[in-house]
Amino acid sequence: MDLYDVMRTAFSAREFTSDPVEDATLYRILENARFAPSGGNRQGWRVIIIRDPATKSAIAEAAIPAARRYAAQVAAGENPWNTVVPTKLTPEQIAATPVPPLLTEPYRNAPVLLAVCVDLSVVASIDQDLPRVGIASGASIYPFAWNILLAARNEGLGGTLTTMPIAREPDLQALLHLPPHVAVATIITLGRPARQLTRLRRKPVEAFATLERYDGPPFTRPA
């Protein structure tokens with residue numbers, strides 16, 4: 001596929017056919033995704049390829065607490081898991097919320113899961129002393145994770161960069177035998193989408209790009 005076509009059609013696939021993801025295809029995806037940038041070119045990523053149903057089910061179970069809170073906050077009109085505006089819901093309200101299957105069942109149903117992990121001992125956490133949640137370390141892992149999804153789209157596959165199970169990272173560390181200095185960045189569900197989307201809804205450039213400063217004039221399409 002043309003690069004821009006891949007970028008404009010790589011949607012979040014959560015429902016898959018029963019077609020397997022062949023090893024040769026998966027190797028080709030990772031072979032190309034590995035050219036992603038990382039801080040100092042340290043390439044601190046590790047990928048765990050998961051096909052065992054028991055392991056997939058355990059990951060789905062780990063996602064339930066975060067998915068429950070996510071659903072409760074959405075129903076209350078909140079931005080889920082936001083660190084700037086904390087939830088006003090009580091633990092009892094969250095506990096009473098059903099878990100949407102779409103937030104957990106893809107872990108069980110996807111032909112393969114990729115646990116994309118990062119070695120925290122080699123990343124540069126430039127924002128570690130700022131009074132907010134750190135995001136700089138993500139620059140050394142999420143370009144690689146997104147490369148996986150772009151490569152998958154090029155192969156006619158799809159998936160989603162998910163984070164729900166991360167709230168229970170100690171469970172994942174035990175399940176996947178991760179050392180303490182390795183964090184789970186995402187669990188990618190991967191397979192052949194049950195249906196293909198070709199038109200994605202996104203904000204126009206003018207809605208998020210400004211000139212010179214945050215409150216500057218919008219960057220508009222040249223005449």
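Biologist: What is the relative accessible area of Gln43?
Modeller: This is a predicted model, where local features need pLDDT of at least 70 and side-chain atom pairs count only at pLDDT 80 or more, while totals for chains, interfaces and linings use all residues. Residues are numbered from 1 along each chain as its sequence is written, and side-chain values use heavy atoms, with hydrogens and water left out. Buried means under 20% relative accessible area and exposed over 50%, with partly exposed in between (1.4 Å probe, protein chains only). Gln43 counts as partly exposed because its relative accessible area is 38%.

Biologist: Where is Gln43, and what is its phi?
Modeller: Gln43 is found in the loop between α2 (23-33) and β1; helices (H or I, at least four residues) and strands (E, at least two) are DSSP runs, numbered from the N terminus. Its phi is positive in a residue other than glycine, near 50°.

Biologist: Which other non-glycine has a positive phi, of about 55°?
Modeller: Look in the loop between α3 and α4 (91-95). The residue there is partly exposed, at a relative accessible area of 39%. With a phi of about 55° and no glycine to excuse it, that's Trp81.

Biologist: Which charged residue sits over the ring of Trp81?
Modeller: A charge sits over a ring if NZ of Lys or CZ of Arg is within 6 Å of the ring centre and within 35 degrees of the ring normal. Here the charged end is 3.8 Å from the centre of the Trp81 ring, and it belongs to Arg69.

Biologist: How many aromatic pairs are there, and how far apart in sequence are the partners?
Modeller: Rings of Phe, Tyr and Trp (its six-membered ring) pair if their centres lie within 6.5 Å, and planes under 30 degrees apart count as stacked, over 60 as edge-to-face and the rest as tilted. That rule gives one aromatic pair: Trp45 with Phe144, stacked at 4.4 Å centre to centre and 10° between the planes. Both residues, Trp45 and Phe144, are buried. The pair ties Trp45 in strand β1 (residues 45-50) to Phe144 in helix α6 (residues 142-154), distant parts of the chain separated by 99 residues.

Biologist: Are α3 and α7 roughly parallel or antiparallel?
Modeller: Axes are lines fitted to C-alpha atoms, for helices over the stretch in contact, and angles run from 0 to 180 degrees between N-to-C directions. Helix α3 (residues 53-75) packs on helix α7 (residues 169-176) at about 170°, their axes 10 Å apart. Angles under 35 degrees count as roughly parallel, over 145 as roughly antiparallel, 65 to 115 as roughly perpendicular and the rest as oblique. So α3 is, relative to α7, roughly antiparallel.

Biologist: How many residues of that contact are nonpolar?
Modeller: Contact means heavy atoms within 4.5 Å, and α3 brings Thr55, Ala58, Ile59 and Ala62, while α7 brings Leu172, Leu175 and Leu176. Ala, Val, Leu, Ile, Met, Phe, Trp, Tyr, Cys and Pro count as nonpolar, Asp, Glu, Lys and Arg as charged, and the others, Gly among them, as polar. The split is no charged, one polar and, for nonpolar, six.

Biologist: What is the relative accessibility of Thr160?
Modeller: Thr160 lies in strand β3 (residues 158-162). Leaving aside residues up to four places away in sequence, it touches Ser12, Ala13, Arg14, Leu149, Ile187, Ile188 and Thr189. Thr160 counts as buried because its relative accessibility is 4%.
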